[in-house]
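Hi,

Here's the structure I promised to send over. Have a look at it first, then read my notes below.

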Amino acid sequence: MKPPIQFIGAGGAHDVHLGNSAALLQWNGKNILIDCGFTVYPSLVRHQLVEDIDAICITHLHDDHIGSLSALLYHRHFISKLPPVPVIAGIPELYSKLYTYLHFLMGEVERFAQVLLPKGYASYIEAISTTRLHSPHMPSCAYLFTSSEMNLIYSGDIGEPLPMLRDSEWLEAHPSLYVFHDVAFHPTPSHCYYQSLHSFLGKVKLWGYHCDPREAPSDNQIPLVHNELMLERYERGAR
Ligand SMILES: [Zn+2]
């Protein structure tokens with residue numbers, strides 16, 4: 001079974017031709033946008049999805065993850081006349097920086113967005129702090145989406161495999177687990193080297209993103225979202 005997620009883009013920070021990594025997740029009857037980098041708003045407009053988003057989860061504040069968030073919020077407010085959309089910041093440090101960022105850009109944030117921690121939105125979204133595992137100064141998080149049928153992790157940018165992948169008790173408590181993980185094909189402290197993920201492939205259903213597939217070495221075993229889970233194949237859900 002394919003996971004209920006379509007990627008809007010799946011490139012690394014400078015792979016503009018592949019789109020910034022971001023995804024639309026259909027979970028518990030909601031369309032949840034994960035990240036909104038500088039290529040994402042134009043893609044959402046092109047695919048007529050601006051008004052279909054019920055909530056937005058932000059992993060961290062680098063431009064390839066947040067660079068068109070204010071454009072999306074302005075569009076929904078001024079053109080679509082929609083009420084403020086929940087914008088979820090996984091952890092308190094990210095919450096306060098995200099709020100400050102939006103306040104600096106947009107003034108009265110509450111006109112455009114409800115900035116929330118996950119528990120303020122829904123019990124089925126949890127954040128996993130990855131602060132200092134991507135960038136020394138940047139609060140960051142992964143998201144875990146839970147349901148009785150399946151669980152799904154979106155790693156965000158991270159320099160090593162998510163710690164819970166090594167925790168067999170945690171994995172047992174989260175069956176039918178889909179993992180979408182940052183992958184890099186060159187060693188770097190900010191992104192996850194592909195070889196360090198190979199040992200998890202038999203344990204969880206894992207896909208890589210935030211990379212350029214053309215750079216994948218011949219020994220790469222990580223399936224990439226670029227090949228099968230892109231927005232072009234997105235079919236509108238119940239709406
Ligand atoms: Zn990134």
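Just after helix H4, glycine 107 takes a positive phi of about 75°. Helices here (H or I, at least four residues) and strands (E, at least two) are DSSP runs, numbered from the N terminus. Residues are numbered from 1 along each chain as its sequence is written. Do keep in mind that this is a predicted model: local features need pLDDT of at least 70, side-chain atom pairs count only at pLDDT 80 or more, and totals for chains, interfaces and linings use all residues.

Now for H4 itself. With 15 residues at 1.5 Å a residue, H4 should span 21 Å (the expected span is 1.5 Å times one less than the number of residues), and its end C-alpha atoms are indeed 21 Å apart.

Which residues of H4 are buried? They are Leu94, Tyr95, Leu98 and Leu102; buried means 20 or more other C-beta atoms within 10 Å of a residue's own, exposed means 12 or fewer, partly exposed is in between, and C-beta atoms are placed from the backbone. These four cover an arc of only 100° around the axis (taken from the directions from the helix axis to the C-beta atoms), so they sit on the same side of H4. Pro92, Thr100 and Phe104 are exposed on the face turned away from that buried side.

And what do the buried residues of H4 pack against? The partners are S4, helix H3 (69-79), S5, S6 and strand S8 (141-146), where contact means C-beta atoms, placed from the backbone, within 7 Å.

Cheers

Conventions: Two residues are in contact if their C-beta atoms, placed from the backbone, lie within 7 Å.
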